[in-house]
Amino acid sequence: MAVSTIKLTDTQQKCVTFQPKGDLLIQGIPGSGKSSILLARAKFLKEKNSKDTVTVLTYSNALTNYVRQLSLKMHSTPLTAKTFHQWGQEMLRYTDYPHTRLIVGDLRKDTIKYAKNIVNKYSSNVNFPQMKESKRQDIALLTFLCDEIEWIKGSGIATREEYLSIKRSGRGTDIRVLKEHRNTIYDVLEKYNELLNRDRRRQGIDGDDLARILIEKSHQIPENIKPDHILVDEAQDLNTMQIKAISKMAKKSLTIGADKGQQIYRRTFSWKQAGVDIKGSRNIFLKQTFRSTKQIIRLANHFQEQDKLYIKDEDYQKAQEPEINGKVPELKKCENREAERAHILNQVRRLRASFPNDTIGIIGFSHDNLDEIKKVLDDKGIPVYRVKDNEVDIISPGVKLITFQSSKGLEFDHVIVTDLQKGKMPYKAPSPGEDENEFLSRERKKFYVAMTRAKKTLTIVSIKEYSSFINELNSGYFHLID
């Protein structure tokens, strides 16, 4: 169905025209129309009062780009769409906070490592928890510290006393963390914060501090700069403090689109903890999908049901099987990487010949492998685009390459899921101290997300040693290609 001619159901229309005041949570399965509803609601809010400002926030650059393109196709004029961090940095420039540079990725890891080394050298009673990996203690400990600091900041823990007393969820049993360990961890956190504030080479804002600072400095931001209405897409992958900051900044209404079944990052919060008022009619569930065929959803549903942790969640909703029929999903088992790429090439050729006006999404684990697939297609004269580039046209016909993480929120007529190999999907091991069941639950969600990007056809390609997830697929719901 063309984007510009989408017809909303009564339930979807109810979400669009919900009163322009207070909070609204729209929880929906993949393909239930959350993004389209948010864009239609943004248009409704703007038409309700042309003087009101409307901002759409997402969790990734790829989704932000997609929302802009979708809004342009639906309503002729693009909406203001940004990631939380892009928007937060802009808001912070109106305060007296001295730094706006974000410290993320390798720079963040290196700064935490430097803080750890200072604590190790100069502090008394240093006591780090013992890592399970005996041969890579330093690397494992650094990964653990980075994850723990992210959790502390994302949870809004502000004092040592609070950290020492709080119950830590999401940690596995392989690393035992005692009170004396927590004291040392907090020493590293304090030294890390000091470096962010005082060390010229490392001055800036930890990505997980941005929300806290926005909350603390919100009174300095001029009222005419704060959005009247904020709409958030794929909010399940934001953390507690980020949702709180967004809620604090929305002057009139906050609309959230989310699906915990697609939560692929380490997030543990309730909407109540995040300060979102979703009592009664303010919490709407969408159980019907309008994207995929019955055959695709049937396979994806059965796979999702293997996630015993998620199906116990109070927000779990099984997707209703759509009425539209289509081709049974296909599984190709390949002996090696060369055979995988040959099959992808042949599949792309067939799809382009049969459906020249359709989109084809190739979803993979790593940028390196996607780059190699691009080279194979380029060499054969097939136009192909990497979605990691912010300006790539996602919704127009053609072949798009994208990672599992970045594919969330997007859709393609035809999807080819690659990298279903042991050690890649699921990834070889949880991070140090991470609960293994929660890790496997998130890995399953990545595969589930990839499958449910498909509208018409789904092809799954696995390489020896095959991913354990292949054995969890119901063989009655897919066709095994010779």
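This is a guided tour of a predicted model, stop by stop, with something to select at each one.

**Stop 1: the loop around Asp208**

Start by selecting Asp208, in the loop between strand S5 (205-206) and helix H9 (210-217). Is Asp208 buried or exposed? With a relative accessible area of 11%, Asp208 is buried. Now show what surrounds it: leaving out residues up to four places away in sequence, Asp208 touches Arg108, Glu150, Lys153, Gly154 and Asn239. Zoom in on Asn239, since its side chain makes a polar contact of 3.3 Å with the side chain of Asp208. If you'd like a long-range distance to draw, pick the C-alpha atoms of Asp208 and Lys21: they are 187 residues apart along the chain and separated by 28 Å.

**Stop 2: Asp209 and Arg212**

Next, select Asp209 and Arg212. Their side chains meet in a salt bridge, 3.5 Å from N to O. Asp209 is buried, at 8% relative accessible area, while Arg212 is partly exposed, at 30%.

**Stop 3: a link from strand S14**

Jump along the chain to Lys455. Which residue does Lys455 form a salt bridge with? The partner is Glu411, and the closest N and O atoms are 3.8 Å apart. Lys455 sits in strand S14 and Glu411 in the loop between strand S12 (398-403) and S13, so this pair ties together parts that are 44 residues apart in sequence. Glu411 counts as partly exposed, at 23% relative accessibility.

**Stop 4: helix H14**

Colour helix H14 (436-451) and pick out Glu443 and Lys446. Their side chains meet in a salt bridge at 2.8 Å, N to O. The two are three residues apart in the helix, which means about one helical turn separates them. Glu443 counts as buried at 4% relative accessibility, and Lys446 is buried too, at 13%. For the wider salt-bridge picture, go back to the Stop 2 pair and add two residues: salt bridges with shared partners join Lys153, Asp209, Arg212 and Glu216 into one network. The count for salt bridges comes to 32.

Before leaving helix H14, click on Arg444, which lies in it. Arg444 counts as buried, at 14% relative accessibility. Neighbours within four places in sequence aside, Arg444 is in contact with Phe303, Gln306, Asp307, Phe469 and Glu472. Draw a C-alpha to C-alpha distance to Tyr310 as well: Arg444 and Tyr310 are 134 residues apart in sequence and 10.0 Å apart in space.

**Stop 5: the largest cavity**

Keep Tyr310 selected, as it is one of the residues lining the largest cavity. To light up the rest of the lining, add Gln27, Gly28, Ile29, Asp259, Lys260, Phe285, Leu286, Asp315 and Gln317. How much space lies in the largest cavity? About 60 Å³. Strand S1 (22-28) and strand S8 (283-286) each supply at least two residues of the lining. Across the whole structure, a search finds three cavities of 30 Å³ or more.

**Stop 6: an arginine without a salt bridge**

Now select Arg341, in helix H12 (residues 337-354). Arg341 is buried yet has no salt bridge. The nearest side chain of opposite charge is Glu372, 4.1 Å away, and a salt bridge needs a side-chain nitrogen within 4 Å of a carboxyl oxygen. What the Arg341 side chain does make is a polar contact with the side chain of Asn369, at 2.8 Å. Leaving aside neighbours within four places in sequence, Arg341 is in contact with Asn369, Glu372, Ile373 and Val376.

**Stop 7: backbone oddities**

Finish with the backbone. Asn125 has a positive phi of about 60° although it is not a glycine. You'll find Asn125 in the loop between helix H5 (105-122) and helix H6 (137-154), and it is exposed, at 71% relative accessible area. Asp419 is another non-glycine with a positive phi, about 65°. Asp419 lies in strand S13 and is buried, with a relative accessible area of 0%.

Then look at two cis peptide bonds. One joins Met425 and Pro426, with omega about 0°; Pro426 is in the loop between strand S13 (412-420) and helix H14. The other joins Lys464 and Glu465, with omega about -10°. Glu465 lies in the loop between strand S14 (454-463) and strand S15 (479-481).

Note on methods. Residues numbered from 1 in each chain as written. Predicted model: local features only at pLDDT ≥ 70, side-chain atom pairs only at ≥ 80, totals over all residues. Heavy atoms only, no water. Helix = DSSP H or I, 4+ residues; strand = E, 2+ residues; numbered from the N terminus. Buried < 20%, exposed > 50% of the residue type's maximum accessible area, 1.4 Å probe, protein only. Lys, Arg positive; Asp, Glu negative; His and termini not counted. Polar contact = N/O pair within 3.5 Å; in protein donor to acceptor, adjacent residues only side chain to side chain. Contact = heavy atoms within 4.5 Å. 1 Å grid on protein atoms, 1.4 Å probe; cavity = no way out; pocket = protein on both sides within 12 Å on 5 of 7 lines; lining within 4 Å. Points joined across faces, edges and corners; volume = space filled by probe spheres on them.
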